[in-house]
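Trainee: Got a minute to go through this one with me? I'd like to start with the overall layout.

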Amino acid sequence: MSKTGFTDLNLELLYISYTNKSKTFGAYIGTDFWVPTGSYRRGRMVNLGYNYYTLAPALHVTWLPTRRAELSASFVPEINWKNKATDYRSGNAVTIDASASYRPLPDFQRLQVGLQGYFHKQVQDDRLNGEAVPGGFRGQSAAIGPQVKLNLFERGGLLFKWQHEFAVENRAKGNRLWLQFSMPLN
């Protein structure tokens, strides 16, 4: 069974950043807030939304060892609220995301190609009606795949990613295609 559509909305509320003088290392911290806007119906086999809020403080780092190479990683703990339609609360989790990119064309530094992936691990048991679910039902997944980034601005652009999931436990398994757009507000 499959379903296509939009998932829950991710709001990035406030981020604070640091960049070294040589601009070869940068880091930023902040908080993402997931809002239950994706399609959800109790009892449906496949839902695109979770029907609960998630608070996710995050740390992101990027290192540029050369003018053409980039290594990035993120550490994101996730604090989940209860799904009020089912009185079910997924346990809190941690996601580690990483990528390695390269600018293959010396005369066109705005284009990057690379490999990226993530590992997600639930660190607390799920709960139903306030009680731990038998066996905990802790989810886990990992993914890897290619990415292509086109910097349209000094601090933003388009990012295309494809992720093939594996090592999945107690979660839906599938491949993901991402299109991300970012631009500076100032």
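Mentor: We'll take the sheet, then a surface patch, then one residue. Keep in mind that this is a predicted model.

Trainee: OK, in what order do the strands of the open sheet come?

Mentor: The order is β1-β2-β3-β4-β6-β7-β10-β11-β12, nine strands in an open sheet, and the pairing is antiparallel.

Trainee: Which strands stand at the edges?

Mentor: β1 (9-19) and β12 (175-182). Each has a single partner strand, so one side of each is left without a neighbour in the sheet.

Trainee: And what does the twist average from one strand to the next?

Mentor: The average is 20 degrees.

Trainee: How many bridges join β2 to β3?

Mentor: There are 10 bridges between strand β2 (residues 25-35) and strand β3 (residues 54-63), and the two run antiparallel. As an example of the register, Phe-25 is opposite Trp-63 in β3.

Trainee: What about β3 to β4, how many there?

Mentor: Seven bridges, again with the strands running antiparallel. Thr-62 is opposite Ser-72 in β4. The connection from β3 to β4 is a hairpin of five residues.

Trainee: Then what is β4 joined to β6 by?

Mentor: By 10 bridges, between residues 69-80 of β4 and residues 93-102 of β6, running antiparallel. Ala-69 has Tyr-102 in β6 as its bridge partner.

Trainee: Switching to the surface. Which residues make the nonpolar patch?

Mentor: Leu-9, Leu-11, Leu-13, Leu-14, Ile-16, Ile-29, Leu-59, Phe-75, Ile-96 and Phe-119 make a nonpolar surface patch of about 930 Å².

Trainee: Which strand gives the most to it?

Mentor: β1, with five residues.

Trainee: Where does Ile-96 sit?

Mentor: Ile-96 belongs to strand β6. Its relative accessibility is 43%, so Ile-96 counts as partly exposed.

Trainee: Last one, Ala-143. Which strand is that in?

Mentor: Ala-143 lies in strand β10, which covers residues 140-153.

Trainee: Buried or exposed?

Mentor: Ala-143 is buried, because its relative accessible area is 5% and the cut-off for buried is under 20%.

Trainee: What does Ala-143 touch, leaving out residues up to four places away in sequence?

Mentor: Two stretches of the chain: Gln-116, Gly-117 and Tyr-118, plus Gln-163, His-164, Glu-165 and Phe-166.

Trainee: And what separates the C-alpha atoms of Ala-143 and Trp-162?

Mentor: A distance of 9.3 Å, with the two residues 19 apart along the chain.

Terms used: Residues numbered from 1 in each chain as written. Predicted model: local features only at pLDDT ≥ 70, side-chain atom pairs only at ≥ 80, totals over all residues. Heavy atoms only, no water. Helix = DSSP H or I, 4+ residues; strand = E, 2+ residues; numbered from the N terminus. Buried < 20%, exposed > 50% of the residue type's maximum accessible area, 1.4 Å probe, protein only. Contact = heavy atoms within 4.5 Å. Pairing = 2+ DSSP bridges. Axes fitted to C-alpha atoms, helices over the stretch in contact; angles between N-to-C directions. Patch = residues over 30% accessible without salt bridge, like charges linked within 9 Å, V, L, I, M, F, W, Y side chains within 5 Å. Areas by Shrake-Rupley, 256 points an atom, 1.4 Å probe, with all protein chains shown as cover. Salt bridge = Lys/Arg side-chain N within 4 Å of Asp/Glu carboxyl O.
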